Amino acid sequence: MPQATNRQLVRDMNNTPVGRGTVYNEMLKISATTRERARKANEGEQLRLDKVARLLERHQRVTDHVTARVQERVQQGLKEMRAFQHVLQDRYSVRHFRTLQPSPVRMSNRRRKLETMFYHSGFSQKAMQPEIKRQMKKEDPEYLRRKFKAQILARSRQEVVRLVARNTMLSRTLTAPLSPGQNLQESTSATALTPAPTQHLEGITIEKTGHRPKIC
């Protein structure tokens with residue numbers, strides 16, 4: 001049998017703003033459900049985007065690493081080629097071949113072997129790796145800096161030793177008793193300061209004067 005419906009009660013519930021079973025409560029439930037569904041969808045989308053971002057970052061790191069390795073190999077190859085050219089121009093050019101000299105010339109076994117190989121198979125970069133490595137070491141800025149520093153320190157030590165010896169001799173002369181008929185000016189004239197010759201130190205000219213070195 002059909003159920004009887006209290007239309008007045010239903011109408012009153014629909015017209016009531018708040019309360020259980022009202023339209024307002026149903027709208028709140030639908031809104032909360034929709035909001036929760038949207039939140040879960042956003043979380044899933046964020047996880048997917050994070051995964052894609054990690055994959056892209058990993059790919060970028062791999063690409064950067066490969067590019068850096070390629071650039072390093074290219075730069076190393078250019079350095080070796082430049083050193084190879086310098087070795088050929090400075091030491092192993094045809095006009096410097098010792099085996100072509102009319103008179104016997106002293107040479108190492110390796111040089112004789114290399115020149116003989118050049119006659120038969122031409123110049124080879126692989127066969128001259130020791131010479132190329134030595135040339136690359138000579139052209140290394142850090143090696144040049146250490147070498148220049150060592151030269152300056154050696155010259156400075158020599159200058160300090162010379163100044164100490166001169167000052168010691170001068171102090172002994174001043175403290176020594178004067179002989180009859182000798183004045184102080186004559187005794188110190190033997191230790192007068194005389195300008196020393198100018199020294200050249202790989203691009204820096206050090207001019208020695210009577211008081212302190214002057215860098216030109």
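**Entry 1: a pair in helix α5**

I started with Arg146, which makes a salt bridge with Glu142, and I noted 3.9 Å between the closest N and O atoms. I had the cut-off in mind here, since a salt bridge needs the nitrogen within 4 Å of a carboxyl oxygen. Both residues sit in helix α5, and because they are four residues apart there, about one helical turn separates Arg146 from Glu142. I then looked up the exposure of each partner. Arg146 has a relative accessible area of 45%, so I wrote it down as partly exposed. Glu142 comes out at 35%, so this residue is partly exposed too. A reminder to myself: side chains of opposite charge can pair when their charged atoms come close.

I should add that I am working from a predicted model.

**Entry 2: the overall layout**

Next I stepped back to the whole chain. I found six helices and three strands. Reading along the sequence, I get the pattern α-α-α-α-α-α-β-β-β. The protein has 216 residues, and buried ones make up 12% of them. I put down an exposed area of about 18,000 Å², with 58% of it supplied by carbon and sulfur atoms. For contacts between residues at least 6 apart in sequence, 38% join residues at least 24 apart.

**Entry 3: other salt bridges**

How many salt bridges does the structure hold? I have nine on my list.

In helix α2 (residues 23-90) I looked at Glu45 and Arg48, which are three residues apart and therefore separated by about one helical turn. Their side chains meet in a salt bridge with an N to O distance of 2.4 Å. For Glu45 I noted a relative accessible area of 36%, so the residue counts as partly exposed. Arg48 is partly exposed as well, because its relative accessibility is 45%.

I then turned to Glu131, which forms a salt bridge with Arg110, and the closest N and O atoms are 2.7 Å apart. This pair links distant parts of the chain: Glu131 belongs to helix α4 (residues 129-139), Arg110 belongs to helix α3, and 21 residues separate them. Is Glu131 buried or exposed? I have it as buried, because its relative accessible area is 2%. Its partner Arg110 reaches 35% relative accessibility, so Arg110 counts as partly exposed.

I also marked a network of salt bridges that links Glu36, Arg39 and Glu43.

**Entry 4: buried charges in helix α3**

Helix α3 covers residues 109-121, and I looked up Glu115 within it. Glu115 counts as buried because its relative accessibility is 0%. Which residues is Glu115 in contact with, leaving aside neighbours within four places in sequence? My list reads His96, Phe97, Arg98 and Thr99.

Arg111 is in helix α3 too. With a relative accessible area of 7%, Arg111 is buried, so I placed it under the 20% limit. Not counting residues up to four places away in sequence, I see Arg111 touching Arg91, Tyr92, His96 and Arg98. His96 and Arg98 thus turn up for me in the contacts of Glu115 and in those of Arg111.

**Entry 5: patches on the surface**

Last, I went over the surface. Where do Arg91, Arg98, Lys138 and Lys147 gather? I found them in a patch of positive charge on the surface. From this patch I checked Lys147, which lies in helix α5 (residues 141-175). Lys147 counts as partly exposed because its relative accessibility is 39%. That value fits the patch, because members need over 30% relative accessible area. Arg91 and Arg98 had already come up among the residues that Arg111 touches.

The other patch I noted is nonpolar, and Val62, Val66, Val70, Val74 and Leu78 form it on the surface. Together these residues have about 400 Å² of accessible area. I placed Leu78 in helix α2, the helix that also carries the pair Glu45 and Arg48.

Key
Residues numbered from 1 in each chain as written. Predicted model: local features only at pLDDT ≥ 70, side-chain atom pairs only at ≥ 80, totals over all residues. Heavy atoms only, no water. Patch = residues over 30% accessible without salt bridge, like charges linked within 9 Å, V, L, I, M, F, W, Y side chains within 5 Å. Areas by Shrake-Rupley, 256 points an atom, 1.4 Å probe, with all protein chains shown as cover. Lys, Arg positive; Asp, Glu negative; His and termini not counted. Charge placed at Lys NZ, Arg CZ, Asp CG, Glu CD. Helix = DSSP H or I, 4+ residues; strand = E, 2+ residues; numbered from the N terminus. Buried < 20%, exposed > 50% of the residue type's maximum accessible area, 1.4 Å probe, protein only. Contact = heavy atoms within 4.5 Å.
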